[in-house]
Amino acid sequence: MGDKRGQVVAGGNGQGNRLDQLNRPSDVLIDKETDGFIICDGDNRRVVRWSRHSNTTQGEILINNTRCWGLAMDHQRYLYISDLDKREVRRYQIGDKNGTLVAGGNGKGAGVNQLDEPTYIFVDQQQAVYVSDDYNHRVMKWNKDAKEGIAVAGNQSEGNALTKLSYPNGLFVDTLGTIYVADTRNRRVMRWAKGAKQGTVIVGGNGGGKGANQLNDPVGLSFDRHGNLYVVDYGNHRVQRFLIE
């Protein structure tokens, strides 16, 4: 800790599709097994892996032909990828090019077996997949091997009531099944207890603005081991940290 300047660990050679370039990357995770970064290189329609070693000059393509947005990895090292164009989430073993459909894949729509612009995803210990179903303004849970999902936060209509979401994005689920979601256009972060019919606002919800208690289109979120919540405050060009009770 203490660094004042960031270090480029992938890309940094301009926008493009060479192996040493990225084009609008949207998500990244660390694969501890291979000591590498796995990156959604969305506008290049690929998922790439870059070694964390300092002498790395280019990445390798893991999966092609996917307009990926979100990534997750489960405890068995299966990789999960959301695809905006195909409106689906697929599960891959590392090295597998085709994967297995685990959510959506039935065209654009708001049915329980459909998704519309799936963005961020989370996978729990039972390999259930949670999906921010962006244009349907809901979070869907697909249990392992399920053919249909269950709406666990929000519903099919946009709104700012505590029962509603507006273009949800960043997603985290704790061991109790409590859902934390970046409710982007409502400029707040919501917490939904398992089985709850409505959520509670834990951050923001005070209108769009630059105040310490305000957010402007939050898109990503993450927790550290001390319980601090980090929010990517997209419209304010900053990352905020909050201590959540």
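**Domain interface and buried charged residues**

In this predicted model, the number of salt bridges counted between domain 1 and domain 2 is 0. Polar contacts, by contrast, do occur across the interface of domain 1 and domain 2, where 5 residue pairs are found, both partners in each pair having a pLDDT of 80 or more. The side of domain 1 that touches domain 2 draws on four strands, β9 (118-123), β10 (129-133), β11 (138-142) and β12 (150-154), each of which supplies at least two residues. When the residues on this side of domain 1 are sorted by class, 9 are nonpolar, 6 are polar and 3 are charged.

The two domains that meet in this way are domain 1, covering residues 8-157, and domain 2, covering residues 161-244. Their centres, taken over C-alpha atoms, are separated by 21 Å, and the contact involves 18 residues from domain 1 and 16 residues from domain 2. Between them, domain 1 and domain 2 bury about 1400 Å², and 63% of this area lies on carbon and sulfur atoms. Within the area that domain 1 buries against domain 2, Y120, F122 and H137 supply 34%, which is more than any other three residues contribute.

Salt bridges are nevertheless present in the model, the count by the rule applied here coming to 15. One of them joins R77 and D31, with the closest N and O atoms 2.7 Å apart. R77 is placed in the loop between β5 and β6 (79-83), whereas D31 belongs to strand β1 (residues 25-31), so this pair ties together parts of the chain that are 46 residues apart in sequence. The two partners differ in exposure: R77 counts as partly exposed because its relative accessibility is 25%, while D31, with a relative accessible area of 1%, is buried. The pair also belongs to a network of salt bridges that links D31, R49, E60 and R77.

R49, another member of this network, lies in strand β3 (residues 46-51) and counts as buried because its relative accessibility is 15%, with the limit for a buried residue set at under 20%. Although R49 and E60 are 11 residues apart along the chain, their C-alpha atoms are separated by 5.3 Å. Apart from neighbours within four places in sequence, R49 is in contact with D31, T34, F37, I38, G59, E60, L62 and I94. The contacts of R49 thus include both D31 and E60, which are also linked with R49 in the network of salt bridges.

Two further salt bridges were examined. R138 and D133 form a salt bridge in which the closest N and O atoms are 2.7 Å apart, and both of these residues are buried. In the other case, the side chains of D233 and R238 meet at 2.8 Å, N to O. Here D233 is buried, its relative accessible area being 0%, whereas R238 is partly exposed, with a relative accessible area of 25%.

D133 appears again in the surroundings of D116, a residue that touches R87, K108, G109, D133, D134, Y135 and N136 when residues up to four places away in sequence are not counted. D116 is situated in the loop between β8 (100-104) and β9, and its relative accessible area of 7% places this residue in the buried class. Among the residues that D116 touches, R87 is joined to D116 by a polar contact of 3.2 Å between their side chains.

A second loop residue, T66, is found between β4 (60-64) and β5 (68-73) and counts as buried at 3% relative accessibility. Its side chain makes a polar contact of 3.0 Å with the side chain of D83. Beyond residues up to four places away in sequence, T66 touches G42, R45, R46, V47, I81 and D83.

I81 and D83 are also contacted by E88, whose list of partners, leaving aside neighbours within four places in sequence, comprises I81, S82, D83, L101, A103, G104, G105, L115 and P118. E88 lies in strand β7 (residues 88-92) and, at 9% relative accessibility, counts as buried. The C-alpha atom of E88 is separated by 9.7 Å from that of C68, a residue 20 residues apart from E88 along the chain.

Methods. Residues numbered from 1 in each chain as written. Predicted model: local features only at pLDDT ≥ 70, side-chain atom pairs only at ≥ 80, totals over all residues. Heavy atoms only, no water. Domains from an automatic or database assignment. Contact = heavy atoms within 4.5 Å. Buried area = accessible area lost by both parts, 1.4 Å probe. Salt bridge = Lys/Arg side-chain N within 4 Å of Asp/Glu carboxyl O. Polar contact = N/O pair within 3.5 Å; in protein donor to acceptor, adjacent residues only side chain to side chain. Nonpolar A, V, L, I, M, F, W, Y, C, P; charged D, E, K, R; others polar. Buried < 20%, exposed > 50% of the residue type's maximum accessible area, 1.4 Å probe, protein only.
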